Amino acid sequence: MFSVVFLLILLAFSVTGSPVEVRNSPITLPMTGRLAFSNVTALLRHDEARLAGFGEHSTHGRSDAYISRPIIPLSQGDLGGGAITWVGSGVPYLSRSGVDTGEPVAVDYRYGSFRGTIFVDQLSFEGVEDIIIPEMHIGVVFNVQNIAINVDGVLGIGPTSSGLGALPNIRQQMIPTIIDVLTEQLYIKQAFVGMFFQPIGANLHDYGELRFGGTNPNMYERIGYTDVTTIAPSSQYWGINQRITYGGGEILATTAGVLDSGCTFLYLASDAYERYTAATGGILNPVNGLLQISLQQYDQLYDLRFHIDGRINKLVPNAQIWPRSLNHKINGGLNDIFLIVKALETPTGSGKDFILGYVFLQRFYTAFDSQKRRIGFAATGYTNIDVN
């Protein structure tokens, strides 16, 4: 058996308590955070691997985990945009209950890859005694190359289609995600994930919450849903259609892109990035690759607005900058101001014209509805707060 405690992206999150609802009810996992990147090189290489992975079925994010009986602690792992749960890149996978299927699994990133074999094993959540998944398909890796961050594994939450192609011998077969299995075995009623964070700001132990089977209405205001896009390749992931404006001008016409908690920054198609750069007056910092602005320019920033199905979600000026208390992690001075918007390598029209990473998701409550293929956004008490 192996049990899992969760983490996420540039933050590592671990469960701090047990859910109060179990069978046929939402499963709520409180999380606390700690910074998982030591320098800007690792941070940017991690994001670059994510960007390349959208054509290659990557699975990333951050998590702490415990593997097998006797329990073997894993230092760090990933949670996020893929279907396949895999372990063993750091602490070896040792389980008395795991069964080797002999089926190979392979995922390639631009700056890293892993190769392994599919096992069937039991899965349970740390601190949640009532939930045991008796037959969970996991990848046990035997070869990991050039991964820029320290991870011992990935907990795949979907969507299911993002696992296509990871099984070389049966490329059209999809592996059930943790959400699929929890729903099938009636631990939860809905194939649904609710996700909430406090912005990292100056606190390296911020609270977050992952809820399987529903949302937590105590965490947000009114939630609005939009259908998953039908435009490839974003349609294979948690992708949506939206339009982006800034200061009354259009930055990006309505187009498709994805949400990815495993990416740190907010990425725009290269032409949209140029428009944002011109509008803000940002100058590319050659050391960390981020746009840098002066205090006077910061005072003149407008909201960055995301138009989704008639609703507007906005990043206020403070939400558009990197936390200054963490400037030392990106080779910046104490009072330097860096924007969190970066460029994709392709112009508008690729079918993946934006990526809403952690810097966006930390400002909203996000709901992922696998059954109805839709994504919801809601403002929280942290949407407009000044913490950076």
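Okay, so before anything else: when I say two strands pair, I mean that DSSP finds at least two bridges between them. Keep in mind as we go that this is a predicted model.

With that, let's look at β17 and β18. Two bridges join β17 to β18, which covers residues 291-293, and these strands run antiparallel. If you want one spot to click on, take Leu 284: its bridge partner in β18 is Leu 291. Now zoom out a bit. What's the strand order in this open sheet of three? It goes β17-β18-β21, and the pairing is antiparallel. The edges are β17, at 283-284, and β21, at 337-338, each of them pairing on one side only. As a reminder, strands of a sheet pair through backbone hydrogen bonds.

Next, back up along the chain to helix α3, residues 270-280. Which residues are buried there? Those would be Ala 272, Tyr 273, Tyr 276, Thr 277 and Thr 280. Look down the axis of α3 and the buried ones fall within an arc of 140°, so they line one face of the helix. Swing around to the other side of α3 and you find Glu 274 and Ala 278, which are exposed. After the helix comes Gly 281, with a positive phi, near 80°.

Hang on to Tyr 276, though, and let's go to the nonpolar core. The largest one has 76 residues, and Tyr 276 is in the group that touches the most other members, along with Leu 182, Phe 212, Leu 266, Leu 268, Leu 315 and Phe 360. Strand β9, residues 128-145, gives this core its largest share, five residues. There's another core lying apart from that one, with 11 residues, including Trp 86, Val 141, Val 154 and Leu 167.

Let me come back to Phe 360 for a second. Who does Phe 360 contact, leaving aside neighbours within four places in sequence? The list is Leu 266, Phe 306, Leu 315 and Phe 377. Two of those names, Leu 266 and Leu 315, you just heard among the core residues touching the most other members.

Last stop, Gly 102, which sits in strand β7, residues 99-109. Buried or exposed? Gly 102 has 55% relative accessibility, and the cut-off for exposed is over 50%, so Gly 102 counts as exposed. Setting aside neighbours within four places in sequence, Gly 102 is in contact with Thr 117 and Ile 118. And if you check Gly 116, 14 residues away along the chain, its C-alpha is 9.5 Å from that of Gly 102.

Notes:
Residues numbered from 1 in each chain as written. Predicted model: local features only at pLDDT ≥ 70, side-chain atom pairs only at ≥ 80, totals over all residues. Heavy atoms only, no water. Buried < 20%, exposed > 50% of the residue type's maximum accessible area, 1.4 Å probe, protein only. Helix = DSSP H or I, 4+ residues; strand = E, 2+ residues; numbered from the N terminus. Arc of directions from axis to C-beta. Core = buried A, V, L, I, M, F, W, Y, C linked by side-chain atoms within 4.5 Å. Contact = heavy atoms within 4.5 Å.
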